[in-house]
Structure formats: C-alpha cells, structure tokens
Amino acid sequence: FVFTTVPWILLPAASFVSRFKQLKELEDDGEFEGNDATNRDGFVNAVWWSDKWIPFAVNAGGDYLCVDMGPTKKGRGGQLLWWYHDEDFRE
C-alpha cells in the first residue's frame, strides 16, 4: 500500500518482533542519544524511539509505520505513526 509516494511493505508477523528488538537494541546501546524529535500535532511523544511503538510496515529507506501503544494524553493507544530514521518529526 502507499502513503504519499513512498511504497510501504507490510512485515510478516514474525518480523514485528525482530524489527522491534533491533530498534530496542539500538536504543539500549545509546545509538539514539542526542537525537531530538519534534511532535507537530501533539498526538505522538516527541522522542526518537519508544519501546511503545510496534513496527508493522517498512519502506526501502528503513523507515517504519508503527502502532503507538504509548501515545500522549491527546493521542489514542493503537494509533499509527510514521517513524523516519533520519527525520526528527514524529506524527
């Protein structure tokens, strides 16, 4: 399916876990330290990565679509977010 002009590939269910573990490991190793994130709409936490985000689709650039299980008070659990690996905004 396509959001904007970037094709997203749905991950097999088993890959949800492996992708999550990869990102969590990067976070635990300090790879995301010093990376500030912004939040344009107030629905998603302005952090580089959260272990409350579950990746379910990927694009060729290494970006993810995630289910957000830890939204802000304005957001809702289960909302979708775009996580761009080299952009600072979260929405």
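Two strands pair if DSSP finds at least two bridges between them. Strand β3 (residues 9–10) and β5 meet that rule: they pair in the antiparallel sense over 2 bridges. This is a predicted model.

## Confidence

The chain averages a pLDDT of 88. Of the residues, 93% score at least 70. Confidence is lowest in strand β1 (residues 2–3), with a mean of 48. It is highest in β6, at 95.

## The sheet

Start with the strands. An open sheet is built from 4 strands, in the order β3-β5-β6-β7. Their pairing is antiparallel. Which strands stand at the edges? They are β3 and β7. Each has a single partner strand, so one side of each is left without a neighbour in the sheet.

Now look at β5 and its partners. On the β3 side, Ile 9 has Val 58 of β5 as its bridge partner. Leu 10 stands opposite Ala 57 in β5. On the β6 side, β5 and β6 pair in the antiparallel sense over 5 bridges. There, Trp 53 has Asp 68 of β6 as its bridge partner.

β5 and β6 also form a hairpin, with 5 residues between them. Gly 62 sits in the turn and has a positive phi of about 90 degrees. How much of β5 is covered? The strand is mostly covered, with 5 of its 6 residues buried.

## Two cores

The largest nonpolar core has 13 residues. Four of them touch the most other members: Trp 49, Trp 53, Cys 66 and Trp 83. Three elements give two or more residues to this core: β5 (53–58), β6 (64–68) and β7 (79–83). A second, separate core has 6 residues. Phe 56, Leu 65, Tyr 84 and Phe 89 are among them.

## Around Trp 49

Trp 49 is worth a closer look. Is this residue buried or exposed? Its relative accessible area is 4%, and buried means under 20%, so Trp 49 is buried. Leaving aside neighbours within four places in sequence, Trp 49 is in contact with Phe 20, Leu 23, Lys 24, Glu 27, Phe 32, Pro 55, Cys 66 and Trp 83.

Phe 20 comes from helix α1 (residues 13–28). At a relative accessible area of 23%, Phe 20 is partly exposed. Not counting residues up to four places away in sequence, Phe 20 touches Trp 49, Asp 51, Trp 53 and Pro 55. Its C-alpha atom is 18 Å from that of Glu 91, which is 71 residues away along the chain.

Ser 50 follows in the loop between β4 (38–39) and β5. Ser 50 is buried too, at 12% relative accessibility. A polar atom of its side chain lies 3.0 Å from the backbone nitrogen of Lys 52.

## Ring pairs

How many aromatic pairs does the structure hold? There are 6. In the pair of Trp 49 and Trp 83, the planes meet at 75 degrees, so the pair is edge-to-face. Trp 49 lies in the loop between β4 and β5, while Trp 83 is in strand β7, so this pair ties together parts that are 34 residues apart in sequence. Trp 82 and Tyr 84 also form an edge-to-face pair.

The table sets out these two pairs.

| Ring pair | Centre to centre | Angle between planes |
|---|---|---|
| Trp 49 and Trp 83 | 5.5 Å | 75 degrees |
| Trp 82 and Tyr 84 | 5.7 Å | 85 degrees |

How covered are these rings' residues? Trp 83 is buried, with a relative accessible area of 3%. Tyr 84 is buried as well, at 12%. Trp 82 has 21% relative accessibility, and buried means under 20%, so Trp 82 counts as partly exposed.

Ring pairs also build a cluster. They link Phe 32, Trp 49, Trp 53, Tyr 64 and Trp 83. Three of these names have appeared before: Trp 49, Trp 53 and Trp 83 are among the residues that touch the most other members of the largest nonpolar core.

Conventions: Residues are numbered from 1 along each chain as its sequence is written. This is a predicted model: local features need pLDDT of at least 70, side-chain atom pairs count only at pLDDT 80 or more; totals for chains, interfaces and linings use all residues. Side-chain values use heavy atoms; hydrogens and water are left out. A nonpolar core is a set of buried Ala, Val, Leu, Ile, Met, Phe, Trp, Tyr and Cys residues joined through side-chain atoms within 4.5 Å. Buried means under 20% relative accessible area, exposed over 50%, partly exposed in between (1.4 Å probe, protein chains only). Contact means heavy atoms within 4.5 Å. A polar contact is a pair of N or O atoms within 3.5 Å; within protein, one must be able to donate a hydrogen and the other to accept it, and residues adjacent in sequence count only if both atoms are side-chain atoms. pLDDT is the predictor's confidence in each residue, from 0 to 100. Rings of Phe, Tyr and Trp (its six-membered ring) pair if their centres lie within 6.5 Å; planes under 30 degrees apart count as stacked, over 60 as edge-to-face and the rest as tilted.
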